[in-house]
Amino acid sequence: ITLEAKTFPFKRFIVFTGWAETLSRAAEIAEELKLAVYVVGGPVRDFFLEKPVKDLDLVVEGEAEEYARALSRALSGEIKARSPFLTYKIVFPGGELDLVTARKEVYPRPAALPKVSPGSISEDLYRRDFTINAMAVGLSGPFKEKLLDPFGGLFDLESGLIRVLHMNSFVDDPTRIFRAARYAVRFEFDLAKETIGALGRAWTQDALNLLTSARIRGELLRVLSERAPERVILCLESLGVLQALGLPEPPAFLEKSLKIMNEKTSAKVLLKGLILSLTRAEAALSQKLGLSEKEALEFQGEWLKLQELLPNILAATKPSQRFRLLSGFSLPVLIATASVEKDFGERLKEFLALKEVKPHLTGEDLKVLGIPPGPQMRKILQNLLYARLDGKVSSREEELALVGRLLKKC
Ligand code: ATP
């Protein structure tokens, strides 16, 4: 690859990133140490897209250790993590940045982690996923304040295209397929014909199935933290990813399923719900995604039990009845059910709210009233809760009166 420097509005760029001072310091120190340092990937892409810059990624050509130390000192920061691949995370007041030594990568086998060795900036750009992520801006060195765009990333940004750098890209690293779907949805871009070609090659080699379950899960979690995960999943479906993973037809309810619980549920819980709703806990897939067989069977058992109970739950008139029927089920199973049964969504919302309700009286209060801990106390506490859920009692006094009546009955 021959590198050609392109003129670039450097000042505007560093101000746009929101890290102008940090980047100026980074440039000064690089000059002092006579190192070529670059801002790469996301920040350059997001500058051209006029989207907020999230993370700062710097690449150093040559020895990064001394640079990392000098930079973290200058920023009154700390090197928080370093990896064997000469990678550093510098955390400083108000922010953090990732610093890596320019490297080249060789993939020993499809989908295996690459062998990494120090390299030049052009080799570093060549190891990247897509042209739009393979641009760099020089802070120092021969390309100071210039843009390096050896693969036409800027053109692809303007044309709205996700283009791989070479035909073997997805065979080398099939996680890039998930990345392609994320970017395509996030930026409303299309896949370039080269990208479609590279996908074809990945499918013929069954590359996706060579990934470890941990890596697939990691990618799915990243999908779920996108702004519109349901659209990314549908995009993955249209690319054949779900099918290649052995997932059945994507359910039409998926979009709704993710939206319902998006507000409160953590990505992990959501993921389990998603897996289940897609597969109804098909054992093979669960294994692929790293769920143990036991977990998968538990899910399946729960799912079936809930389906059986569903008519009763929907017909139950009292909140306490609905609460009792639902309380044994785990959240992922509940989410999955809400995504297939349209009337169940409201029930699930109610259940989550009811779970927060507690009686005023506690076991301690009952002890003071002379009720010993044991089955009787448990029964009374349960009755108190159900009465609260049904709105039959609301104050402490009403609860005390109810305890009196319950004791008389016993
Ligand atoms: P995001 O906005 O999703 O964080 P990003 O571009 O900052 O986007 P990261 O996942 O933080 O993405 O990765 C940083 C850079 O590293 C990317 O811009 C890309 O150039 C490169 N990269 C990350 N993962 C891969 C991969 N699997 N293969 C090739 N390059 C990758």
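**View 1. Y88 faces L99 across a strand pair.** In this predicted model, Y88 stands opposite L99, a residue of strand 6. Strand 5 covers residues 87–92, and strand 6 covers residues 95–101. The two pair in the antiparallel sense, over six bridges. Helix 4, residues 65–74, packs on the sheet. Helix 4 touches strand 3 (56–61), strand 4, strand 5 and strand 6. The direction of helix 4 makes about 5° with that of strand 5.

**View 2. Eight strands form an open sheet.** Their order is 1-10-9-2-3-6-5-4, and the pairing is mixed. Strand 1 (5–6) and strand 4 (78–83) stand at the edges. Each has a single partner strand, so one side of each is left without a neighbour in the sheet. Strands of a sheet pair through backbone hydrogen bonds, either parallel or antiparallel.

**View 3. The ligand lies between two domains.** Around the ligand are G41, G42, K54, D55, D57, R128, D129, N133, D173, T175 and R176. Seven residues of this shell are charged and four are polar. None is nonpolar. Domain 1 (5–151) and domain 2 (162–250) both give residues to the shell, so the ligand lies between them.

**View 4. I313 is a buried residue of helix 16.** Helix 16 spans residues 293–315. I313 counts as buried because it has 20 C-beta neighbours inside 10 Å. Which residues does I313 contact, leaving aside its neighbours within four places in sequence? They are R322, L325, L326 and R347. R324 is eleven residues from I313 in sequence. In space, the two are 9.4 Å apart, C-alpha to C-alpha.

Conventions: Residues numbered from 1 in each chain as written. Predicted model: local features only at pLDDT ≥ 70, side-chain atom pairs only at ≥ 80, totals over all residues. Near = placed C-beta within 6 Å. Nonpolar A, V, L, I, M, F, W, Y, C, P; charged D, E, K, R; others polar. Domains from an automatic or database assignment. Helix = DSSP H or I, 4+ residues; strand = E, 2+ residues; numbered from the N terminus. Buried ≥ 20, exposed ≤ 12 C-beta atoms within 10 Å, placed from the backbone. Contact = placed C-beta atoms within 7 Å. Pairing = 2+ DSSP bridges. Axes fitted to C-alpha atoms, helices over the stretch in contact; angles between N-to-C directions.
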